[in-house]
Amino acid sequence: MIEGMTGSTVPRRQLGRHLRDLRNQSRLTVRAAARQLEWSEAKMWRIETGQTSLRSHDVETMCKVYGAPAGLTKALMGLAKETKARGWWHAYGDVIPEGFDLFIGLEEAASRVWWYESELVPGLLQTEAYARTIIRADNADEADNEIERRVHLRIARQALLTRAGEPPTLTVALNEGVLRRPIGGNNVMAGQLAHLLEVGELPNVTIKVIPFSAGLHLGVMSGPFGILRFPVNGDGSESEPPTVYADGYTGDLYLDKPGEVARYDAAFENIWATALTEQDSRRLISEVAGTYGHR
């Protein structure tokens with residue numbers, strides 16, 4: 001765990017995996033375990049996927065039901081206490097969409113992020129004006145101050161790209177349509193594309209564009225997604241399993257089974273191979289920026 005950066009997300013996921021493994025070893029289905037614990041199946045799912053923190057007492061109860069040895073029970077009870085740690089984003093808890101705090105915590109903990117976007121500039125690369133346009137469109141009934149808090153949260157996330165220590169490596173593939181879709185009008189787009197050129201100069205950020213001329217590639221079928229990877233331990237093993245994230249209109253998708261991740265890895269590599277070079281991508285971004293009145 002990266003102290004002070006992961007918040008409660010990573011220990012929650014670790015605890016959830018341990019409890020899921022114990023349940024499977026005890027040959028209990030989610031339904032059977034929920035019945036014995038007098039919980040709902042939905043609560044069991046949230047626990048096992050790291051969506052919620054747990055009290056040590058609840059962990060002890062689950063371990064008794066699963067027949068876990070005393071030493072492991074004690075260790076998991078200690079891990080439960082770590083899930084109470086609060087990341088900086090909890091100050092925005094009232095405006096974070098349900099479940100999205102899990103993603104923010106994973107994003108903070110990641111050492112490498114691959115991202116493919118077909119429609120919009122990813123949140124980590126958005127300007128305030130661009131973000132405000134999107135957030136307002138998606139939250140039309142919210143008051144102005146709530147919109148601004150959501151905008152501030154999105155911009156605050158971007159600090160990880162320039163944080164002291166080891167900022168993550170961000171590799172982004174953008175469909176050409178992202179550049180040409182006039183979100184917010186000419187001024188907003190001119191500023192946004194100028195920002196892409198600026199952020200793309202950071203040593204840990206690489207941005208490439210897939211031109212329309214590339215034709216069919218796997219991103220056309222997969223839709224937008226991100227792949228997050230995490231620091232390795234001293235023995236070279238992964239501290240957390242790689243995770244695929246897809247932002248759905250009615251809910252977020254998290255995938256971490258090796259076969260699932262491998263399929264998205266292959267998709268990203270295919271997308272990346274169809275993209276322009278980094279230099280040609282910068283040239284295209286600058287060219288399109290010119291159509292909005294900025295060079």
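**A look around the predicted fold**

Glycine 248 is partly exposed, since its relative accessible area comes to 29%, and that value falls between the 20% cut-off for buried and the 50% cut-off for exposed. This residue belongs to a predicted model, as does everything described here. Where along the chain does glycine 248 sit? The answer is a loop, the one that links strand 5 (243–247) to strand 6 (252–255). Glycine 248 can also be placed relative to phenylalanine 225: the two are 23 residues apart along the chain, and their C-alpha atoms are separated by 9.8 Å.

Stepping back to the whole protein, the secondary structure consists of 13 helices and six strands. The chain has 295 residues, and 47% of them are buried. Take the contacts between residues at least 6 apart in sequence: 73% of these join residues at least 24 apart. As for the outside, the protein exposes about 14,700 Å², with carbon and sulfur atoms supplying 51% of that area.

Part of that outside is a nonpolar patch on the surface, made up of Leu216, Leu218, Val220 and Met221. Together, these four residues have about 430 Å² of accessible area. One of them, leucine 218, is in helix 11, which covers residues 218–222. Is leucine 218 buried, partly exposed or exposed? With a relative accessible area of 35%, leucine 218 counts as partly exposed.

Now for a charged residue that is tucked away. Glutamate 117 lies in strand 1 (residues 112–117). Glutamate 117 is buried, yet it has no salt bridge. Which side chain of opposite charge is nearest to glutamate 117, and how far away is it? That side chain is arginine 181, at 8.0 Å, and a salt bridge needs the charged atoms to be within 4 Å, so this pair does not make one. Glutamate 117 does have a polar partner, though: a polar contact of 3.5 Å joins its side chain to that of tryptophan 115. Leaving aside residues up to four places away in sequence, glutamate 117 touches Pro122, Ala173, Leu174, Asn175, Val178 and Pro224.

Another charged residue, arginine 157, is found in helix 8, which runs over residues 144–157. Arginine 157 counts as buried because its relative accessibility is 7%, and the cut-off for buried is under 20%. Arginine 157 and glutamate 108 are 49 residues apart in sequence, while in space their C-alpha atoms are 8.2 Å apart.

Notes
Residues are numbered from 1 along each chain as its sequence is written. This is a predicted model: local features need pLDDT of at least 70, side-chain atom pairs count only at pLDDT 80 or more; totals for chains, interfaces and linings use all residues. Side-chain values use heavy atoms; hydrogens and water are left out. Helices (H or I, at least four residues) and strands (E, at least two) are DSSP runs, numbered from the N terminus. Buried means under 20% relative accessible area, exposed over 50%, partly exposed in between (1.4 Å probe, protein chains only). Contact means heavy atoms within 4.5 Å. Accessible areas come from the Shrake-Rupley method with a 1.4 Å probe; for residues, only the protein chains shown count as cover. Patches are made of residues with over 30% relative accessible area and no salt bridge: like charges are joined within 9 Å, nonpolar side chains (Val, Leu, Ile, Met, Phe, Trp, Tyr) within 5 Å. Lys and Arg count as positive and Asp and Glu as negative; His and the chain ends are not counted. A polar contact is a pair of N or O atoms within 3.5 Å; within protein, one must be able to donate a hydrogen and the other to accept it, and residues adjacent in sequence count only if both atoms are side-chain atoms.
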